[in-house]
Structures are given as structure tokens and as C-alpha cells.
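Please look through the structure shown below before reading on. The paragraphs after it go from the chain interface to the domains and then to the interior.

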Amino acid sequence: MAVVKMTVNGKPVSLETEDRTLLVYFLREQLRLTGTHIGCDTSQCGACVVHVNGKAVKSCTMFAVQAEGANVTTIEGLAKDGKLHPVQEAFRDNHGLQCGFCTPGMIMTAVDMIRRKPKLDRDTIRHELEGNICRCTGYHNIVSAIEDASKRMAGGAA
Amino acid sequence: MIPYAFQYARAKSVADAEALLKKSPEAKLLAGGQTLIATMKMRLANPTELVDIAGLKELSFIRAGGDAVAIGAATKHHEVADSADVKRAIPALAGLAQKIGDPAVRHMGTLGGSLANNDPAADYPAAVLGLGASIKTNKRSIAADDFFTGMFSTALQDGEIITEVSFPVPERAAYQKFPNPASRYAMVGVFVAKTKSGVRVAVTGAAPCVFRMPEMEAALARKFAPESVAGIKVDESGMNSDIHGSAEYRAHLVTVMAKRAVADAAK
């Protein structure tokens, strides 16, 4: 057991946790940030994607202690002052979800992808989504949502 | 899934990591953790202590010289994939890194971690063996031909830490991978390189450990063209066979991927 300190969604956090606690459990069970989902728990489905120091990672395949001192952003940290992030808006407008289980991971992956590649075509988006699985198979509208978000953000909406 | 309990320590330097490993014989290095943590969650690995070297600045660098590109062991896959130096000197290596796992995995996984783990279907071993790279550790330098010794096993000794890999710049090289559509691991991946000292062909994913194809190398040395390897039938004995593909299928894929890699390299 050790006290782990990090910043989560802009707020400093300091909590005692076991060394073996995975980041996803730390977020969900200790911080009660249940927007980050556990899907496959084997690093394949991407429902648990969060940002650590600005980069998308699978929080089921990282220990909380590894994030000591890091800046962590979860789906709960995207909206600012009650206003949805442009990627969240685009998912809503394009019906980029069906059951919604994969959506937090999809959105966190999308935000990261747009940061790295400001110009995205549909083919690139599909490749970039290789680590995120939607079991409703609703990929078509997810791709449309990301394409739309990327255009909106290039236009200075964010 | 929750792994067995262990103690975590963040190393301050390679020397510090060395000292921490010496203290407990059941300790393991944590580099990117993208395989190790999954294995620990399945409770197939049970280290008593994890020594985290992922953040060590001294292990994270890309230095491109005229004849070789040296990459620090803790350099992440996305850094190699995006490096202008690697893209210029050995585009096949940057391309290979870009095909590992998915973006989130590439943000965490490291070159040294991949090599030390030596997964039968990992991508980097193909580049290391295909280019004839040398693996530097805190103790010595190991030639790629001597490094990979079997499934999940390497020439690394207890307490030995990979610090850097030096990749000779080839005249031409290419990597072609047939990925498992779910995991993105290589069903078969073939790295082909034409270097000053000859042609090298390395195959990953097909067998328990990455291996070279001397028959293809000899044929390509005579003529570096896809048709040189097209007729070479690969022996299926010793190939992996699982729900994703039979040994016969994998043996066939080796020739197909080799052909594609040569065509790509010859461009």
C-alpha cells in the first residue's frame, strides 16, 4: 500500500491504494469516476481509454502507481463549464452510439486522434480506431462523428 | 482481473534499477507493461516486485547516425513511428512500429520491453533480426542472431537490462505483416533487408520464436526480386498452429508475406 498522488480532471488526488491496483479500478472504485468502462479487461476493446499526460492509454493495462505525478483526464473531464466537448457534441449529433458502453473510450480515443492528426479522412479514422471495439458494430456513425468533430475543431470550435 | 500482490518501485536510473533487481531475485522490470501487465492479470506471471524503468530519460532517445540508428530501450512505439529521423533512415522500422497494437498500446509499449519479452508474434524482433541489429545492455552488446533463444526467452541474464538497440541502416528494407484481425499481433510478419553485408529475411508470428530464412536470403542475394522467393515452399513442421491458423496456413503465409516485403523493398 502506498499513497498515490496524481491530477485527475484538473483536481489533485491523493489516495492510499495497493501497488497492484489498476488505474481503471482506481478511477472507478476509489474516485467513483465510473464513466471509464471496463469491457474486455484484456487491453483489446478500448472502453477504458483515458488520457495520461495528454496521451490515450488503456487504463486496464496500467497500474495506478505508474500514473504517480501524472495528469489524468477521463470522460468526466472533457466537458467544460457545462458545455460538451466538440467530440461529445459530434457524437450526439451524428448518433455515434447505440448502447453507449464503448462511447467513453471511443470519445477519449477520438480526442487523442484529432490532437495527433488534425486532418483526418474516414480511412485513417477507421485505422486509428483499431484499439476500440463497438459490439453494437455501430462504427459507421462513430466514424462520421469523429470526422465531423475533426472538421469542427479545425474550424476553431475548440 | 486483479494480479497477485507485488511491490512497485520506480527506478531513478539504470544503476538504481540494477540495484533494485539485485535485491530481490523475483523482481521484474516494468517497461511499457503492455504484455507484462496482461500476463500478470491472468496470473501467469507473479513477480514479487516491479521495477519501473519506463520513465528513465537516459533510456529514451533516438540517435540517427550515417550507418546506424540507435534507439533507447524505453523509447515508445509511437515515438519510433513518428520520428522523422527513423522515417528518413529506416522507413521500414518506423512503419513496423506504426503497426504494433493500436494507438493506446503504442503510447505505452517500449522497444526494450518488446525485445526482452520476445513474444512469438511480436513485431520488433523481426526488425532486430532482419536488420542484424545489436542489443546493448548494462553489461554487454548482443548480436541479434544470438539474442532470441526461444519462445519468450532471450540471451538476457538475471539483472541484465537492455539500454539501447543499434539498427544498421540498410540499402533497402520492408516489413509486411498479416495481422490477426482482432489482436493485431502478427499471424506472420516478414522483415526483408538488403544490407552491405548481404540479404536478411526474418520471420515473426509463424513459429515459437522469430527466425531467419537462409534459403530466401540466398535466392534474394542472387536476385532481389519477388519472384526469387515466390517458389520457395516453407516447411510447416515447427510452425504455430492455433484457432487463428494452421501450421500449413502459416507456412504458406511466410512465402506470401516475403514476396510482398521484397516487392515493397524493391520499390
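**Contacts, domains and core**

In this predicted model, 24 residues of chain A are in contact with 22 residues of chain B, where contact means that the C-beta atoms of two residues, placed from the backbone, lie within 7 Å. Local features need pLDDT of at least 70 and side-chain atom pairs count only at pLDDT 80 or more, whereas totals for chains, interfaces and linings use all residues. Residues are numbered from 1 along each chain as its sequence is written, and chains are lettered from A and ligands numbered from 1 in the order in which they are written.

On the side of chain A that touches chain B, β4 (55-58) and α3 (103-116) of chain A each supply at least two residues. Helices (H or I, at least four residues) and strands (E, at least two) are DSSP runs, numbered from the N terminus. The most comes from β4(A), with four residues. By class, this side of chain A has seven nonpolar, eight polar and nine charged residues; Ala, Val, Leu, Ile, Met, Phe, Trp, Tyr, Cys and Pro count as nonpolar, Asp, Glu, Lys and Arg as charged, and the others, Gly among them, as polar.

Helix α3 of chain A also holds A:Gly105. Why does A:Gly105 count as buried? A:Gly105 is buried because 28 other C-beta atoms lie within 10 Å; the cut-offs are 20 or more such atoms within 10 Å for buried, 12 or fewer for exposed, and partly exposed in between, with C-beta atoms placed from the backbone. Leaving aside neighbours within four places in sequence, A:Gly105 is in contact with A:His37, A:Gly46, A:Ala47, A:Cys48, A:Val49 and A:Asn132. A:Val49 is 56 residues from A:Gly105 in sequence, yet the two are 4.7 Å apart in space, C-alpha to C-alpha.

Chain B is assigned domain 1 (7-168) and domain 2 (172-266), with bounds from an automatic or database domain assignment. Their contact takes 23 residues from domain 1 of chain B and 24 residues from domain 2 of chain B. On the domain 1 side, α8(B) gives the most, with six residues. The residues of that side divide into 14 nonpolar, six polar and three charged.

The largest nonpolar core, a set of buried Ala, Val, Leu, Ile, Met, Phe, Trp, Tyr and Cys residues joined through C-beta atoms within 7 Å, has 139 residues. B:Val51, B:Ile53 and B:Val192 have the most contacts inside this core. Helix α12 (residues 247-266) of chain B gives the most to the core, with eight residues.
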